[in-house]
Amino acid sequence: SEDADLVINCSGLGARQLANDPTVRPARGQVIRIVAPWIKSVFNFDTEEGNGYIIPQCHSVVLGGTFQLDDWNTNPDENDTKKILRMCSK
């Protein structure tokens, strides 16, 4: 719109078609949510398998994660789940 000062594009992978921009590429990430109310601190760490993090929220704790460029898969991957659990368990 001509009246807008700023436009935020939240179309995700659809931006490739929406903006007719073939350079848009996916960066896939996966996390796990668990219930662990005793976790109160944020942890960010490096492992031999990659970067991991533990982030407490109001009703869950986020364990992560993955970062996979050019991966168009939008479904949870069991191998990624196992990797996240291994990294965060250490």
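Reader: How far is the sulfur of C88 from the closest cysteine sulfur, and which residue holds that sulfur?

Author: Happy to start there, and do keep in mind that this is a predicted model. The gap is too far for a bond. The closest cysteine sulfur to that of C88 lies 19 Å away, in C58.

Reader: How many disulfides does a search of the whole structure find?

Author: A disulfide needs two cysteine sulfur atoms within 2.5 Å. The sulfur of C58 has its closest cysteine partner in C88 at 19 Å, so the pair is too far apart for a bond. Searching the whole structure accordingly gives a count of 0.

Reader: Is C58 buried or exposed, and is C88 buried or exposed?

Author: Good one to check at the bench. Residues under 20% relative accessible area count as buried, and those over 50% as exposed. C58 has 76% relative accessibility, so C58 is exposed. C88 has 15%, so C88 is buried.

Reader: What pattern of helices and strands does the chain follow?

Author: The chain has 2 helices and 6 strands. Read along the sequence, the order is α-β-β-β-β-β-β-α.

Reader: What radius of gyration does the chain have?

Author: Let's begin with the box filled by the C-alpha atoms, roughly 50 × 30 × 20 Å along the principal axes. For a compact globule of 90 residues, a radius of gyration near 12 Å would be expected, but the chain has 17 Å.

Reader: What share of the residues in the chain is buried?

Author: The accessible surface comes to about 6900 Å², with 54% of that belonging to carbon and sulfur atoms. Of the 90 residues, the buried share is 24%.

Conventions:
Residues numbered from 1 in each chain as written. Predicted model: local features only at pLDDT ≥ 70, side-chain atom pairs only at ≥ 80, totals over all residues. Heavy atoms only, no water. Helix = DSSP H or I, 4+ residues; strand = E, 2+ residues; numbered from the N terminus. Rg over C-alpha atoms; globule rule 2.2 N^0.38 Å. Buried < 20%, exposed > 50% of the residue type's maximum accessible area, 1.4 Å probe, protein only. Areas by Shrake-Rupley, 256 points an atom, 1.4 Å probe, with all protein chains shown as cover.
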